[in-house]
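I opened my notebook for a quick look around this one. Here is what I looked up, in the order I got to it.

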Amino acid sequence: MSVFQQSKIFLIQTFGLAKDALHIYVGLFVFLAVIILFKLPMRDLKPILAVLLVALIGEAWDIYDTAVLG
């Protein structure tokens with residue numbers, strides 16, 4: 001099991017969240033972090049694109065872990 005998967009399991013168990021809820025919280029965190037760090041308005045497209053990019057990277061990592069690490 002990769003460090004990524006272990007981290008997800010740790011967060012799910014620590015906070016008592018469902019896996020889907022964890023994804024929502026991570027997405028909100030990324031969205032707000034980009035807005036605050038780059039001082040962007042909420043209606044800007046860049047925070048949404050950042051959330052999409054993080055989600056795609058996370059899904060690709062899940063697929064890699066499943067395919068390679070079993």
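Entry one. The model is predicted, and I started with the contacts of D62. Setting aside neighbours within four places in sequence, I found D62 in contact with F4, Q5 and K8. I then checked where D62 sits, and helix α3 is its home. With K8 I could be more specific: the two side chains, D62 and K8, are joined by a polar contact of 3.0 Å.

Is D62 buried or exposed? I looked up its relative accessibility, which is 12%, so D62 counts as buried, the cut-off being under 20%.

Entry two. I moved on to L17, which I located in the loop between α1 (3-15) and α2 (19-38). Its relative accessible area is 22%, so I noted L17 as partly exposed. Which residues does L17 touch, leaving aside neighbours within four places in sequence? My list reads I12, L22 and Y25. I also took a distance from L17 to Q5, 12 residues apart along the chain: their C-alpha atoms are separated by 15 Å. Q5 was already in my notes as a contact of D62.

Entry three. Last came the surface. I found a nonpolar patch there, formed by L53, I57, W61, Y64, V68 and L69. Together these residues have about 620 Å² of accessible area. I picked L69 for a closer look and placed it in helix α3, residues 45-69. L69 is partly exposed, with a relative accessible area of 48%. Why can L69 count towards a patch? Patch residues need over 30% relative accessible area, and L69 has 48%.

Key:
Residues are numbered from 1 along each chain as its sequence is written. This is a predicted model: local features need pLDDT of at least 70, side-chain atom pairs count only at pLDDT 80 or more; totals for chains, interfaces and linings use all residues. Side-chain values use heavy atoms; hydrogens and water are left out. Patches are made of residues with over 30% relative accessible area and no salt bridge: like charges are joined within 9 Å, nonpolar side chains (Val, Leu, Ile, Met, Phe, Trp, Tyr) within 5 Å. Accessible areas come from the Shrake-Rupley method with a 1.4 Å probe; for residues, only the protein chains shown count as cover. A salt bridge is a side-chain nitrogen of Lys or Arg within 4 Å of a carboxyl oxygen of Asp or Glu. Helices (H or I, at least four residues) and strands (E, at least two) are DSSP runs, numbered from the N terminus. Buried means under 20% relative accessible area, exposed over 50%, partly exposed in between (1.4 Å probe, protein chains only). Contact means heavy atoms within 4.5 Å. A polar contact is a pair of N or O atoms within 3.5 Å; within protein, one must be able to donate a hydrogen and the other to accept it, and residues adjacent in sequence count only if both atoms are side-chain atoms.
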